[in-house]
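Let's walk through this one together, a piece at a time. Have the viewer open and follow along.

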Amino acid sequence: NHDITVLGLESSCDDTAAAVLRGRTILSSVVADQTALHAAFGGVVPEIAARAHAEKLDICIETALNKAGTPLSEIDAIAVTAGPGLIGGVLSGVMMAKGLSAATGKPLIGVNHLAGHALTPRLTDGLEYPYLILLVSGGHCQFLRVDGPNRFSRLGSTIDDAPGEAFDKTARLLGLPQPGGPSVEQHAKDGDETRFKFPRPLLDRAGCDLSFSGLKTALLRQRDQLVSDQGGLHPKDVNDLCAGFQAAIRDVLVEKSRRALEVSNDITGFAVAGGVAANKSLRASLETLSDARDIPFVAPPLALCTDNAAMIAFAGAEKFASEGADDLSLSARPRWPL
Ligand code: KG4
Ligand code: ZN
């Protein structure tokens, strides 16, 4: 009953990553981010991302194996993100993993990127099934009840933008650098969240669905009003707009989380994951909510909330244990709902 050692690969968005995991121990986790490559374009350019993944996967894998002190021959299985994501990047990873699997005879495991995020609280904190997780990233926002490595039920999700996308757009509208989440959070720290009014979308509707596209419209309107009134934005305006915007996102996520917890019986904990889970104000509010209900709260370390390959290796190990390996017909899927 030894812990298996898994090489994980991730290349579904703008991070190229490789990691070596043994049991729940992360022996290495290497992430090469492409932020600099896309900076001039104000967002991720799929063609540039695909080429960079194809170029960087090799060196990421080599570095991960070296850092772990584990030669390829000591790896028990190879796990790779097989979707959902930008197809060029997903293909690069799947092809690489198939090559490694064919060359070494090690089992190949195709992992759903979202399952990677959703299982992270088990990797970091050993959370037992079933638990509730709020997945908030640049491309996703959903509440999932997790009953097993491949047993997810969705309690609600965004009907338009993902919160990370909203943070990124807001940063762009205010002339702040990408990725927008960290920039907006930085400015919000010194801002007054009550100065500008932002809507709290969908709170009047029952259930756990969310909406965020109205927030950027509200931001745009207030920005243009300030520009026409005073000829431009003062640093304080930017801080206050960031604070108001962040507070609106936080309030909506907290209220919908409250409802999701209300309808979740016998869960062992409430977790948050995905890039937006790095937001400190959001984390603190969700923790307060959870504490008030005596439900253990798990927010993985920031490096494991954003895209990484350790979560893919872990989800791969869980899937392997419950349903075995995939074969070389594994395909890359741009869309793959849980
Ligand atoms: O999970 P992730 O690394 O990539 C995927 O979308 O799959 O999430 C990236 C998103 C970006 O939109 C980024 O702006 C946002 O997470 N983000 C944040 C923070 N750090 C990253 N949003 C709010 N506050 C942060 N501190
Ligand atoms: Zn992600």
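What covers the buried residues of helix 2? Keep in mind that this is a predicted model. The cover includes three strands you can pick out by number: strand 1 (5–10), strand 2 (15–22) and strand 3 (25–33). It also includes helix 1 (35–38) and helix 3 (87–104).

## Helix 2 up close

Now for helix 2 itself. It runs over residues 46–68, which makes 23 residues. From its first C-alpha to its last it reaches 31 Å, close to the 33 Å expected at 1.5 Å a residue. There is a bend along the way, though: about 40° at Lys 56.

Lys 56 is also one of the buried residues of this helix. The others on that list are Ala 49, Ala 52, His 53, Leu 57, Cys 60, Ile 61, Ala 64, Leu 65 and Ala 68. Right after the helix comes Gly 69, with a positive phi near 65°.

## Two domains

Zoom out to the whole chain. The domain assignment gives domain 1 (5–119 + 304–323) and domain 2 (129–295). Their C-alpha centres lie 27 Å apart. Where they touch, domain 1 puts in 14 residues and domain 2 puts in 17 residues.

Take the domain 1 side of that contact. Helix 4 (113–125) and helix 11 (310–323) each supply at least two residues there. Helix 11 has the largest share, with five residues. By residue type, this side splits into six nonpolar, five polar and three charged.

## Around ligand 1

So where does ligand 1 sit relative to the domains? It lies between domain 1 and domain 2, because both give residues to the shell around it.

That shell has 19 residues, and the ones that come nearest to the ligand are Gly 138, Gly 164, Gly 181, Gly 275 and Asn 279. Helix 5 (163–173) and helix 6 (180–188) are the elements that give two or more residues to the shell. Which of the helices gives the most? That's helix 6, with four residues. As for chemistry, the shell around ligand 1 divides into ten polar residues, six nonpolar and three charged.

Conventions:
Residues numbered from 1 in each chain as written. Chains lettered and ligands numbered in written order. Predicted model: local features only at pLDDT ≥ 70, side-chain atom pairs only at ≥ 80, totals over all residues. Near = placed C-beta within 6 Å. Nonpolar A, V, L, I, M, F, W, Y, C, P; charged D, E, K, R; others polar. Domains from an automatic or database assignment. Expected span 1.5 Å × (residues − 1). Bend = angle between axes of the 7 residues up to and from the residue. Buried ≥ 20, exposed ≤ 12 C-beta atoms within 10 Å, placed from the backbone. Contact = placed C-beta atoms within 7 Å.
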